[in-house]
Structures are given as structure tokens and as C-alpha cells.
Protein chains: 2
Amino acid sequence: MTNRFLQACYRQPTDTTPIWLMRQAGRYMPEYRQLRERYGILEIIKTPELACEVTMQPINAFDLDAAIIFADILPVLEAMGLKLSFVKGEGPIIHNPVRTAEDVQQLRTPSAQESLSFTLEAIRLVKSELESRHLPLIGFSGAPFTLAAYAVESGSSKNHRLVKTFMMNEPQTWQTLMLKIATVVADYLLAQAEAGADALQLFDSWAGQLSPADYERWVMPYSQWVINTVKAKTKIPVIHFGVNTSGMLHLIRQGGGDVIGVDWRIPIHKGWEIIGYDKAIQGNLDPVALFASWEVLQVQAKAILDAVQGRAGHIFNLGHGILPETPVDNVKRLVDFVHEYSAKYAHS
Amino acid sequence: MTNRFLQACYRQPTDTTPIWLMRQAGRYMPEYRQLRERYGILEIIKTPELACEVTMQPINAFDLDAAIIFADILPVLEAMGLKLSFVKGEGPIIHNPVRTAEDVQQLRTPSAQESLSFTLEAIRLVKSELESRHLPLIGFSGAPFTLAAYAVESGSSKNHRLVKTFMMNEPQTWQTLMLKIATVVADYLLAQAEAGADALQLFDSWAGQLSPADYERWVMPYSQWVINTVKAKTKIPVIHFGVNTSGMLHLIRQGGGDVIGVDWRIPIHKGWEIIGYDKAIQGNLDPVALFASWEVLQVQAKAILDAVQGRAGHIFNLGHGILPETPVDNVKRLVDFVHEYSAKYAHS
């Protein structure tokens, strides 16, 4: 498939800068909210027809260059034996968090075929819908640390005290935990590739809670192992994304990936310089900029495009997921503007 | 006063690396929790004798190189007319948040003498207690953006959507808001210096929620104005601290300050290189490291000291405030270890 998103992953010149948006399918879209009146979020994720429908909603509404399968990072933990629910207003809750060596021992490492087949089936459905549009589909998984953080903290956390203390004080158990998660994650990503995903993103949303030294010692090896394992068996591109990682982009790069995702806390050209121009880069508009007037939003989008000057290998995206109440009009205008404005930099 | 903390602020060589800890007075100390059984947090802050007592608790318990006045950044907003309370488990709440031009118009800009005299009086009390110990006292204030964030969001916020949208969409009103806050903050800091503070810290806890471009345009000028105004009238050192600012340390530096505070998300020597060696640096241990075993904590503290190799101008601190349940034993050991271990780098 020739597509400007996939071309950019390999740093090939494109006619215009490709764009997709993290969490592009979801709550900010009225079509999605309508569906959510009837179904719970896990119900949608676990019903391939519904997950397919939601995946296609932003593709039908905007001129995006890639779809991303509608799923969540936490069913992986459910597959491993943790009890998960989403509590309105509070986010995800793990009811039996991992706190001891015995808890780690009891975690299962089932294959994705066996435990996450709903997402694999959703990928097959979306692929057949996308065929006529010549658009690629991105599969994804949470990275080992981000999943471990949810597993240990029992949900979101302000300072990740429990997971970091676990990591520092129980190095052997930590290694077992991270290897177990990494095994499931690598298998899940490969299964998504086999089901038809054209690219894969590893989300390490909480990596930036760590010091660079702790990340390098306790976390990077496992992300690296996942990416190496995946890349050994499939040729599709891998995007490696973290939040709050401005001070350790060299390590995120070392962790692997064809594309490195950066948040908005560093000028994109400075981030790319640190990462190295032999990698593609994805980012990095502040999701809140979509709440600004179109004039302000346009200035911000333009600044990013002007900073990279059409260098081959830039995938326009937000610096983190799109926020729930984002105005749909601004999303449409942003997508079109990125395509129109960046055409002037084409073929560089 | 000759003191190694003050010497380090001016990058003068010291016998050993000075150390103090953000939020060193507070919940992790049993003496403080005992006092809190009888008094609310705002009650302690507003009763100079109690604020003095709490300020001295860590000084009596540990060999710290500076005291910091026990206060909070939010009474400044109360002085400006906002209604503040601390809700257990939820943190601070502003009951009449600033959302419109009229709200901004109504904000008062009283002098610190008139509205924050309790902290000024507490400073005078602490100063007389500290005299015999030859220890300096740090005064502080929230920076204009961090205060504006609380004022607009009505408390803490996950993504700071409201304050950033306000900033982007209402530039004139934003300017008025920031100038009003900056005026009160500068006056408050100067009043603290006059009351006897030996150094001042400007806390910009939320600066790192912004993109570098937005920080530079909408926030930096006001922090800069505060610091310039203070430095024009007093010779005492100013520490400029932000969290999540690894991607824009050059701008924090540009904002001003004799000492730049960095969090743990960047190796300290890399941060210092970006900031420039003509500024002192403060940081940058992960507060969670204090929950690790002493062996792990020691390795982490040593790594920071080895990274800066005793370069004159390093003040050891955490990368953010000490956490509520921090083990007191580890605090004591850390303070002593920093002094002992860094002596080998003395006079460099």
C-alpha cells in the first residue's frame, strides 16, 4: 500500500504532511457519544462490529491519513488476570492490583489469539472497510512500564509512588513482572500485524514519570525487547511514543521504533535533533490548542510545520490524546490545513 | 551571613554540597501531623507562631542548610479576592474561579503588608529562631502562571484546558490577569525579603504543562517581570523552579533567577549544560526515591553528586516536593549522606 502516513514512517518524501490524531475515535465525536448511550466502553471494545464502527467514525468525518483500531491498553492486563472496570469520572480501576511477588507469579501470559481476539477480529473488519479507501490501520499496545504502572497503582496515579518503589526495591520481582508483560505485549502486537495492522504504536504514557536513569535501567530494556521481537517478525513500522520525555528522548530512541512520538513540551525540531534524523517523528500539537479559536490554532499548527520545514519523516499529530470536549469543527479544519499548508514543503 | 546554601546560590565554592528539600516542613513529619490534629492547614499558615513552629520542625530534626517558611502559594489568590478552601483528599478548591474579563476586573491587588501579614510575621519569628543557628530562611511565592492556573481551573487540573484556552483566546484579558498577579507576587516577595527572608523561590509548578512557544509568549514575560522587579530592589538570591520543563530550560533561565530548579526528568548535568554554568542549579532527586531502601536511595543521591562533580553552584534538593508518607529515617540519612559524600568534591 502506498500511503503518505506509511511513507513518512520510513522517511520517504510525501506530497503533503500526513496527519492522524491519538484517540481520534472517541468521546469528542457526537457519533461516538450516541453509541455510548447504549454500550459501555469495554462492551464496544469487545464487540468487533462496534469497535469497527467507532474506528471508522473519524475516517468518515475527516481526511485523516490513517485509522487506529478502537481499543484500550488495559484489556491486556485483564487477559493477564486482573479485574478491570471503568468508573465514570474516575477512569480505569484495577480491583486486584499487583503488589507482591505472589501477585506477579499468578499473572497469566495467554496468547492474544486466546484472550484478545475481539480486537484482532475488529482489525480484520476495519481492514476490509479501509481497503477501498487505500488507508492504513494502526494497531497499538501500552508499553510494559505503563501497563505495570496501572497494574501496581490500581489505576491512574499522581506520583506513581507504588510502582516506582516496587521497581526500586524488588528488582527481581520487577524483572519477572516486566518480562511477563513484555511477552504478552509483543505477542499482542504481532497478532495485530497478522490480523492486518499496517503499523503499530507502543504507548508509554507514564515513561515520563521516571528519571532518565531509572527509565534506562528498569524500563527501556523491556520496551526494547518488545520492539526488537516485533521487528524481527514483521516489516511494518513501529511508533514509540511517550509523554513528558523531553529530557530523555535519546533513551526513547534507544528503546527502538521507526517513528518516535513526542509531546508538545519540546519544540519539535529540537526533539528531532536529539532523536536523530534517521528516525521519523510524530507530533506535537498541544491537544488544548484545538479548543482555541481557529486563528490561534492555525498559528500553532503552522509553527510546527514551519519548524520541520517538510523534512521527510514528519507525521503530524497531537502531543497526547485528543480531549473529550474538543470541537469537531477545529479537528476538520486542522486536518485540512495540515495537508494544504504543508504541500508547499512537498518533496523535500 | 555566610552559609553554604547562600554561597552556592552565587556559585561560590562550599565545603560540602548544601541541601534543603521542597516541602521539608509538612505531612511526612510526625510532629506536623500531631499539630494538624488540632489545626487546619490554613489556620497554621495564618497563625505566625504555628507557622514558625512548623518551619522549625525539619530544622530541628535534620542537618538542613536552609529553612523555608511554612506557607502556601494560594493565600495570594485569597488576598486577591478568591475564596479558597482545602478539601481533604481533593486538595485546594477555589469557589469563585476567574473565567471572564469581569472576574479579572474584580480581582484586587492589595499589598502583602495588608493581606499576607501573617506570613511576614512568621518570617520575623523564624528569623529570630534561626539566628543562633546561622541558617538562612527561604521565602517563596507561586509564579503568575501557576497561580492563574489555580484561579481559572478552580483547583488542580489534569490537562489545564480552561486556563490554556483562556490564555490563547483572550490575550488582552490574560495580560490583565497576569499583570495583576505579577504585581501582587512581586510585592509579596519583596515584603518577605524585607521581613528577613535570605532567599526567595518562585514556584512555577504548572509551567511544564505549556509548550515552549506558549510559555515564551504568554507566561515568561510575567515571571521575568516579577524577578526583575524583585532583583531591582534586593540583592538576595532568587530560585526559579518549574516542573516538567526539560524541553524549555533555556526559557526558564531566560525568565530569570540566580538558581534554576529542575525536576528529575533530565540528568542534572544535561540540565545545567542547557541552563548555562553562569547560573546555579537546584535538584534533582525523584521524591519517590525516598521510599526506596537506603541502599537504592544512596545510589541515586550519589549519581546526582557524581554527575555535577562538586561544581560550585549545585544545591541538592528533590525534583519536586517531598511526599506525605516519606520515611523520616531516609530523609535524615539523605541529608547526612549529601554532606559527607560531597565533601570529597569540596572547593572545586
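User: Where does Asn284(B) lie?

Analyst: Asn284(B) sits in strand S8 of chain B, which covers residues 280–285. Keep in mind that this is a predicted model. The peptide bond running from Gly283(B) to Asn284(B) is cis, and its omega is near -10°. Chain A has a cis bond between Gly283(A) and Asn284(A), with omega about -10°, and Asn284(A) belongs to strand S8 of chain A, residues 280–285.

User: What makes a cis bond worth pointing out?

Analyst: Most peptide bonds are trans.

User: And what about Ser154(B), what is its phi?

Analyst: Phi of Ser154(B) is near 80°, which is positive, and the residue is not a glycine. As background, most residues other than glycine have a negative phi. You'll find Ser154(B) in the loop of chain B between helix H9 (144–153) and helix H10 (161–169).

User: How do you know how confident the predictor is about chain A?

Analyst: The average pLDDT of chain A is 96, and 99% of its residues score at least 70. Set that 96 against a scale from 0 to 100. For the complex, the predictor gives an ipTM of 0.94 and a pTM of 0.96.

User: What makes H8(A) roughly parallel to H11(A)?

Analyst: Helix H8 (residues 117–130) and helix H11 (residues 171–195) of chain A pack at about 25°, with axes 9 Å apart. The cut-off for roughly parallel is under 35 degrees, so H8(A) and H11(A) qualify. Their crossing is right-handed. On the H8(A) side the contact uses Leu120(A), Ile123(A) and Arg124(A), and on the H11(A) side Ala191(A), Gln192(A) and Ala195(A). By class, that contact between H8(A) and H11(A) has four nonpolar residues, one polar and one charged.

User: Why are H4(A) and H8(A) called oblique?

Analyst: Helix H4 (residues 48–61) of chain A crosses H8(A) at roughly 50°, their axes coming within 8 Å. Roughly parallel needs under 35 degrees and roughly perpendicular needs 65 to 115, so a crossing at roughly 50° fits neither and the pair is oblique. The crossing of H4(A) and H8(A) is right-handed.

User: Which residues of H4(A) and H8(A) meet?

Analyst: H4(A) brings Pro48(A), Glu49(A), Ala51(A), Cys52(A), Thr55(A) and Met56(A), while H8(A) brings Phe118(A), Thr119(A), Glu121(A), Ala122(A), Leu125(A), Val126(A) and Glu129(A). The contact of H4(A) with H8(A) splits into eight nonpolar, two polar and three charged residues.

User: Why is the relation between the chains called that of a two-fold axis?

Analyst: A turn of 180° with a shift of 0.0 Å along the axis lays chain A on chain B, at an RMSD of 0.0 Å. That is just the relation of a two-fold axis. Within chain A, Ser246(A) comes closest to the rotation axis, with its C-alpha at 2.8 Å.

User: How do you know that the copies meet through the same surface?

Analyst: Of the interface residues of chain A, 100% are interface residues in chain B too, so the copies do meet through the same surface. The contact takes 26 residues from chain A and 27 from chain B. On the side of chain A that touches chain B, helix H10 (161–169), helix H12 (212–233) and helix H15 (294–308) each give two or more residues. The largest share comes from H10(A), with five residues. That side of chain A has 12 nonpolar, 10 polar and four charged residues.

Key. Residues are numbered from 1 along each chain as its sequence is written. Chains are lettered from A and ligands numbered from 1 in the order in which they are written. This is a predicted model: local features need pLDDT of at least 70, side-chain atom pairs count only at pLDDT 80 or more; totals for chains, interfaces and linings use all residues. Axes are lines fitted to C-alpha atoms, for helices over the stretch in contact, and angles run from 0 to 180 degrees between N-to-C directions. Helices (H or I, at least four residues) and strands (E, at least two) are DSSP runs, numbered from the N terminus. Angles under 35 degrees count as roughly parallel, over 145 as roughly antiparallel, 65 to 115 as roughly perpendicular and the rest as oblique. A crossing is left-handed if the near helix is turned anticlockwise from the far one by less than a right angle, and right-handed if clockwise. Two residues are in contact if their C-beta atoms, placed from the backbone, lie within 7 Å. Ala, Val, Leu, Ile, Met, Phe, Trp, Tyr, Cys and Pro count as nonpolar, Asp, Glu, Lys and Arg as charged, and the others, Gly among them, as polar. Copies are superposed by least squares on the C-alpha atoms of residues with pLDDT of at least 70 in both.
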